[in-house]
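Q: Please examine the structure below and explain, step by step, what justifies the terms applied to it.

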Amino acid sequence: MSGVSTDSRRVDLYVADSFADGSPSGADDGLVSAATERFGWTVRTVDRPVGETDGAGGIVAFTDDLDTVDSVLAGGCRGVVVTTEPSVAERVTTLAPSIPVVRWDPTDPPWAFLESRVRGVLDGTEHGAVTTEGVSNGSTAASDPDLLDVDESAAEEPTVDHTPLPTPGESEDADATLASYEQLMDSMGDAVYVLDDEGRFQYVNDAMTELTGHDREAILGEPPGFIKDETAVREAEDALRGMLSSEGPSWASLELDIVCADDSRVPVEDHMTLLPYDEELRGTVGVLRDVTTQKRREAMFDGLLDATHRMMTLDSPVAIAGIAAETADTTLDQELVTLRLATDGELIPVASTASTREELPPRPAYDTDEGPAGEAFTTGETVWREADEIADDQDRGDIDAALYVPLEGHGTLTVGVANGELDDQDRYFVELLAATTERALDRAERERSLRQYRALVEEIDDLAFAVDEEGEFALATEPFAAALGYDRDRLVGEPIETVDGGVVATALDAVGERGEGDDDTVVEEGQLRRHDGEELPVRVSVTPVSTAAFDGAVVAVDDISDLLSARAAVERTQDRFGGLFEALTDPVVELRTSVDADPASATVQRANDDFETVFGTDGHVGDRGDGPTTVRELGVPEAVAETLERAAADACRDCGPTRTEVTIQAGGQTRHFVARDVPYEVDDATHTFVVFTDVTELKRRETHTRVLTRVLRHNLRNEISVVGGFVEQLEQYVDEERAVDAVGRIAEAADDLAALSETAGVVQEILQSDESVKRPVDLERIVHESVSSVRDRHEDVRVDLKVDGVGTVVATEFLEHAVTELVDNAVAHNSSDEPLLHVEVADRGDETVVVVGDDGPPIPEVEWAVVTDRREITQLQHGSGIGLWLVRWVVDDHGGTLELRQNDESGSEVALRLPHSRDDPAGVESA
């Protein structure tokens, strides 16, 4: 230890003869040499009086001689060290209250206490250190005033609080104070001690006596070496010096062994701190905590870790069981241990400790459901049995109780207890040992199975590998490794990303998402990377595997390079054909029918956009995930479905191309198509293209043209003939009455021609309109206006009208002409004196029906057949007018129908049916 200096001045130690004589070996051989060696101080003896010092350093005087006290104090000393002589301490306190007095026993010198007290004096941290100015005894001691209770406002001598803190045995009420300390300390579970300022035991509690085995009287007054070895004492002294330094900690903690009365050693943690002091060091207080349990716990953990490491290097269950039994004996101090492994329905003892073999009969085997061991094995729960609960036929020997711990699926670990006790810590570590053993047995079983599995896989000649749950190659066949340019052994352990272009990862993800009941195997196509960076197109089949040997997946690999080349060629052809297919403006659908299969089971391979738009397939074309779409699943109109099934049947019968006319209601209109099918054979299936050509407009224009040609020519010719005839009569007859009648007939014919011309104009509008725009129409208003118009022109007409609550319908502007035409015809062709007009409008939920009837001559059947396309338009069968044709064409535009109801002998009814659309049809305008 280096010399101590204060403000760079030398420190002198003055030792009087009287003090040196009290030391064990004299001043030179005892105190002086020890102080020089330990503290590095310069020692001044009585040969050189204190007053003759050069003042270069502070002086600490060691003396018990009253005669030298005055000289010591006058010499500028900073502190006085005395032994047990009270008169010297009293004189110093009386003459110089600012000079600290240190009591010390040199017969058994606790050097740490002495050094710390003297250093405190020299550093100005011990009581009595004040500035040299204003000190009555002329002391030259220096200090830090912040550390003292000094009244700086005083103009004269400063004063210092010299009142010592109470110490048990020194206070005015020493007995009460000591009693309160002892009551507090004895209530603590840990051992507590107090050392006085000389480093001797001043107090110990009951826990201290129990820990050490010594009586309190034997400990009190003894130094720490009484229960500590030399190393522990020195470590405590070093800790004390640290606490006494100006920047040292307030407490210290040490680990050491206590030497007990029976010479046994107990590991403890020694937590120590200084007693509160103001003037002088009063001692230390410490707490000793027995850490035997903690140390044992640490030893157990170390033993278990070592056992775990050893077990995990083995693949023999018997060897693993032997290490478990050894660990229970040496680490857990459990001597009576037996391990049983499950084999062929029995729990067979395979390992036990030496004490078990020496003290107990040979351990029996049990059925896996027999006794406490069988209960632990079958339930998976730890079982505890007292002696009276263990059957005599179980060979329990002299054990008082036993613990049976399951080794999940492998066997049991049995610990016999001779004293009938097993504390919670021991039980915990036994179960921890069992769990460790269980994991080691699991690993050994996996390793054995994996070796067998690896040998099997490596013999496969196909491209395959196994990937573990970490995403690394566990196994690989030689053909697989060779195909990718790798060495098989070096590939194992590498992540699959080394070769995977994403196809394996995608398949593994899909496997993980499969639910219970789904097919385990997932097939994906993609690429693997060869060692040279080239890509290998593959199809992988991934199957999850979870066994004792392996958790992961097995991947079978197919090289599809040739397949992709052929597929690419087919796709190029299909692309060209698909472009042509989609470019067709007519609806087209491709059907497929297996050979010898029912044509009704024909499936739809594909359809172009026009087919889906016109016939409303709702996107149900092609494979929807649960199989291909059949014709009946398309949701197309019945006539279209029948046409497709007939085309599939004709193709299977090798009938060749056929042509069929189809009429449907589509888009709110009656539409006509010509369906042509083109069959062809591919592999084991018959394919058929069915093309639908829309001939609605063509058919309408053709019909319109023929009707207008026939009707207009016929009617106009007849009416003109009438006009000509009456003109001739006008020339022959000159009397006024006949002339008037002839003129009337001419006027009537002219009116008919005008009406025919008007109707022809409406027809022309219908024929020339490219599309019929529909909007909400007040049907009730139309009917009322038509009936009112007839009444105005025919006063004698009788009207039967039922139209309440009909409201609006979605229709074209031509609907009004159709209704008016029916109402007019019902009256115009009725020769009764009081013709009857019956009009009824009803909402049937899915359609609106307008019925117009009369009691006049019925509509000729031949004329109605022509209007409804049931008979050809000929020179003689063309209808008497175009009114019904106008009605027919308006009804067609609305996707409706016309129905003729003949009365018994006279009169007829025409029913006009307008279907309701669930959605607004294309072209409908909002009202």
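Q: How many salt bridges are counted in this predicted model, and what makes a pair a salt bridge?

A: The count comes to 25 salt bridges, in a model that is predicted. A pair qualifies when a side-chain nitrogen of Lys or Arg lies within 4 Å of a carboxyl oxygen of Asp or Glu. Side chains of opposite charge can pair when their charged atoms come close.

Q: What makes Lys-228 and Asp-270 a salt bridge?

A: The N to O distance between these side chains is 2.9 Å, and the cut-off is 4 Å; therefore the pair is called a salt bridge. The two residues belong to distant parts of the chain, 42 residues apart. Lys-228 is in the loop between helix H8 and helix H9, whereas Asp-270 is in strand E9. Both Lys-228 and Asp-270 are buried.

Q: Why is the pair of Glu-255 and Lys-295 said to tie together parts of the chain?

A: The closest N and O atoms of Glu-255 and Lys-295 are 3.2 Å apart, which satisfies the limit of 4 Å. Glu-255 lies in strand E8 and Lys-295 in helix H10, so the salt bridge joins parts that are 40 residues apart in sequence.

Q: Why is Glu-255 called exposed, and why is Lys-295 called partly exposed?

A: Exposed means over 50% relative accessible area. Glu-255 has 52%, so the term exposed applies to this residue. Lys-295 has 33%, which falls between the limits of 20% and 50%, and therefore Lys-295 is partly exposed.

Q: How do you know that Asp-694 and Arg-671 form a salt bridge, and which strands does the pair connect?

A: The closest N and O atoms are 2.3 Å apart, a value within the 4 Å that the term requires. Asp-694 is in strand E27 and Arg-671 in strand E26, so the pair ties together parts that are 23 residues apart in sequence. Asp-694 has a relative accessible area of 32% and is thus partly exposed.

Q: Which residues are linked in a network of salt bridges?

A: The network links Glu-847, Glu-899, Arg-901, Glu-909 and Arg-913.

Q: What makes Asp-677 a charged residue without a salt bridge?

A: The nearest side chain of opposite charge, that of Arg-646, is 7.4 Å away. Asp-677 is buried and has no salt bridge. The place of Asp-677 is in strand E26. Beyond its neighbours up to four places away in sequence, Asp-677 touches Ala-647, Gly-656, Pro-657, Thr-658, Thr-688, Phe-689 and Val-690.

Q: Why is Val-631 called buried?

A: Buried means under 20% relative accessible area. The value for Val-631 is 0%, so Val-631 is buried. This residue is in the loop between strand E24 and helix H20. Apart from neighbours within four places in sequence, Val-631 is in contact with Leu-591, Ala-602, Val-604, Ala-641, Leu-644 and Glu-645. Val-631 and Ala-641 are 10 residues apart in sequence, and their C-alpha atoms are 6.3 Å apart in space.

Q: What makes the phi of Asp-263 worth noting, and why is this residue called exposed?

A: Asp-263 has a positive phi of about 70 degrees although it is not a glycine. Asp-263 lies in the loop between E8 and E9. Its relative accessibility is 64%, and over 50% is required, so Asp-263 counts as exposed.

Q: Where is Asp-344 found, and why does it count as exposed?

A: Asp-344 is found in the loop between strand E11 and strand E12. Its relative accessibility is 79%, over the limit of 50%, and therefore Asp-344 counts as exposed. Asp-344 also has a positive phi, near 50 degrees, and is a residue other than glycine.

Q: Which residues form a negative surface patch, and what makes Glu-370 accessible enough to belong?

A: The patch is formed by Asp-344, Glu-346, Asp-367, Asp-369 and Glu-370. Members must have over 30% relative accessible area. Glu-370 has 35%, so it meets this requirement while being partly exposed. Glu-370 is found in the loop between strand E13 and helix H13.

Q: How much of the protein chain counts as buried, and how many helices and strands are there?

A: Of the 927 residues, 43% count as buried. The chain has 26 helices and 34 strands.

Terms used. Residues are numbered from 1 along each chain as its sequence is written. This is a predicted model: local features need pLDDT of at least 70, side-chain atom pairs count only at pLDDT 80 or more; totals for chains, interfaces and linings use all residues. Side-chain values use heavy atoms; hydrogens and water are left out. Patches are made of residues with over 30% relative accessible area and no salt bridge: like charges are joined within 9 Å, nonpolar side chains (Val, Leu, Ile, Met, Phe, Trp, Tyr) within 5 Å. Accessible areas come from the Shrake-Rupley method with a 1.4 Å probe; for residues, only the protein chains shown count as cover. Lys and Arg count as positive and Asp and Glu as negative; His and the chain ends are not counted. The place of a charge is taken as NZ of Lys, CZ of Arg, CG of Asp or CD of Glu. Helices (H or I, at least four residues) and strands (E, at least two) are DSSP runs, numbered from the N terminus. Buried means under 20% relative accessible area, exposed over 50%, partly exposed in between (1.4 Å probe, protein chains only). Contact means heavy atoms within 4.5 Å.
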